[in-house]
Amino acid sequence: MPGVFETLPALVNGNAALVRRGRYCTTTFLVEVGDTAWLISVHEGRVEKVERGPFLMRAWSFAVRAPAAAWQKFWEPVPAPGYHDIFAMTKGGHARVEGNLQPLMANLRFIKDLLAAPRRRA
Amino acid sequence: MAELEPIVGRYLTLALAGRRHRVYFEEAGQGIPLVCLHTAGADGRQFRHLMNDEAVTRHYRVLAFDMPWHGKSPPPAGWQDEEYTLTTRGYVDLIMTFITTLGLERPVVLGCSIGGKIVLELARLHAKSFRALIGLESADYQAPWYDDTGWLHRSDVHGGEVSGALMSGLIAPQSPEETRWDTLWMYMMSGPGVFKGDLFFYRADGDFRDRVAQIDTSHCPLYLLTGEYDFSCTPEDTLRTAAKIQGARVTIMKEIGHFPMSENPAQFRRYLLPVLDEIRAAR
């Protein structure tokens, strides 16, 4: 899925309501799309940096991992049942959420909306 | 002209497990009593669209109470030193006490999620007391999609925000923005630890796999309706449950998630009105 995460800073930072929702969120988290790893750095609700792996000794708080095909379904304009939410995907065995979940849970709506932001492009 | 809705709210005192509880309920309409049971961590406002729907209230007296600790029903005196936990026995007692105290005669009960689950116990234990039972997002068991309800009640995560955020995924993508966020607002307002206490019943105490086969639908029709986007109680969970209950009638609802009556009332009534008509015709 090249390209999707490069658009994140514009998609998130250009959405004032979303930035406000994430104003208490400052963390770096990992997203895996199949074998490709991405580190997403958020500062007070703004996406500051998106980096493409592979990474060797980089720290992150939590990780969301799924095969490329699952993310593709997640980003459909109207996703199918089971692919419409990251926890629907973890329950269905299509994704994994790992690491220190406190920053995720404390900012869950913001992170969910951030991950779903590419959906709007369709 | 003032835009007044037909919904009226009152408080009622109920004795539950030997303690006085002040219980808030709302009602609208007249005819066959239709008692509505809200989801975990929410309250009776979820049924405001049903209560404002003349196609329903023309024939049904729709009532919805806020469970103790929820909405406008406070916890009982002394709550500050207790941890709230919902049990199967306590939940059945609450529903039966509400119905007998108000003198509702053979009501229909419609419940969603925990309310849909307890409907299965009402069908098993008290079938003759009801005209019909309707379980939304109802199953004898659901494989959990969370394994740590501690996230719902701790000091470094806002309980209301995380509850709303978790529930957002259980709403179908097609549900309108207004009713989607209205549904989440109720979760965001829930008292500390209340949602977690309800989930004890939903997840642990309410495992009815060993007993739903005892349900006899010849005494009381049982309708089970589940939304296709519900990954908490999935359509497969409901179908598997219904397969064990002779005479249970199942509908899988398109473009609906875990909160049919509040996330997309217009879509839900397409499925509910024929059920209510059938119940009325069968008297």
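Biologist: Why are α6(A) and α5(B) called roughly parallel to each other?

Modeller: This is a predicted model, and in it the two axes cross at roughly 30°. Angles under 35 degrees count as roughly parallel, so α6(A) and α5(B) get that label. Their axes come within 8 Å.

Biologist: Which residues make that contact?

Modeller: From α6(A) you have L108(A), R109(A) and K112(A). From α5(B) come E161(B), V162(B), G164(B), A165(B), L166(B) and S168(B). Sorted by type, they give four nonpolar, two polar and three charged residues.

Biologist: What makes up the whole contact between the chains?

Modeller: Chain A puts in 15 residues and chain B puts in 16 residues. On the chain A side, the elements giving two or more residues are α4 (86–91), α5 (102–106) and α6. That side divides into eight nonpolar, three polar and four charged residues.

Biologist: Over to chain B. How do you know that the span of helix α7 agrees with what it should be?

Modeller: Helix α7 of chain B has twelve residues, 194–205, and at 1.5 Å a residue it should span 16 Å. Its end C-alpha atoms are 16 Å apart, so the two values agree.

Biologist: And how does α4(B) do on that test?

Modeller: α4(B) has 13 residues, and 18 Å is expected. It reaches 17 Å from first C-alpha to last, which is close.

Biologist: What do the buried residues of these two helices pack against?

Modeller: Take α7(B) to begin with. Its buried residues include V194(B), F195(B), L199(B) and Y202(B), and the buried set packs against α3 (88–101), α4 (114–126) and α5 (159–168) of chain B. For α4(B), the buried residues include I114(B), I118(B), L120(B) and A123(B). Those of α4(B) pack against β3 (32–37), α3, β5 (108–112), β6, α7 and β7 (222–227) of chain B.

Biologist: What makes up the largest nonpolar core?

Modeller: A set of 113 residues, where C36(B), V62(B), V109(B) and L133(B) have the most contacts inside it. The largest share, six residues, comes from α4(B).

Biologist: Which residues does V62(B) touch, leaving aside neighbours within four places in sequence?

Modeller: Among them are E27(B), L34(B), C36(B), F47(B), M51(B) and V56(B). So C36(B), listed with V62(B) among those with the most core contacts, is also in contact with V62(B).

Biologist: Now the backbone oddities. What is notable about E44(A) and E137(B)?

Modeller: Each has a positive phi although it is not a glycine: about 45° for E44(A) and about 50° for E137(B). E44(A) is in the loop between β2 (36–43) and β3 of chain A, while E137(B) is in the loop between β6 (132–136) and α5 of chain B.

Biologist: Why does E44(A) count as exposed or buried?

Modeller: E44(A) has 11 C-beta neighbours inside 10 Å. The cut-off for exposed is 12 or fewer, so E44(A) counts as exposed.

Biologist: And what about E137(B), buried or exposed?

Modeller: E137(B) has 31 C-beta neighbours inside 10 Å. Buried needs 20 or more, so E137(B) counts as buried.

Biologist: Which kind of peptide bond joins G53(A) to P54(A)?

Modeller: A cis one, with omega near 5°. You'll find P54(A) in the loop between β3 (46–52) and β4 (62–66) of chain A.

Terms used. Residues numbered from 1 in each chain as written. Chains lettered and ligands numbered in written order. Predicted model: local features only at pLDDT ≥ 70, side-chain atom pairs only at ≥ 80, totals over all residues. Helix = DSSP H or I, 4+ residues; strand = E, 2+ residues; numbered from the N terminus. Expected span 1.5 Å × (residues − 1). Contact = placed C-beta atoms within 7 Å. Axes fitted to C-alpha atoms, helices over the stretch in contact; angles between N-to-C directions. Parallel < 35°, antiparallel > 145°, perpendicular 65-115°, else oblique. Nonpolar A, V, L, I, M, F, W, Y, C, P; charged D, E, K, R; others polar. Core = buried A, V, L, I, M, F, W, Y, C linked by C-beta atoms within 7 Å.
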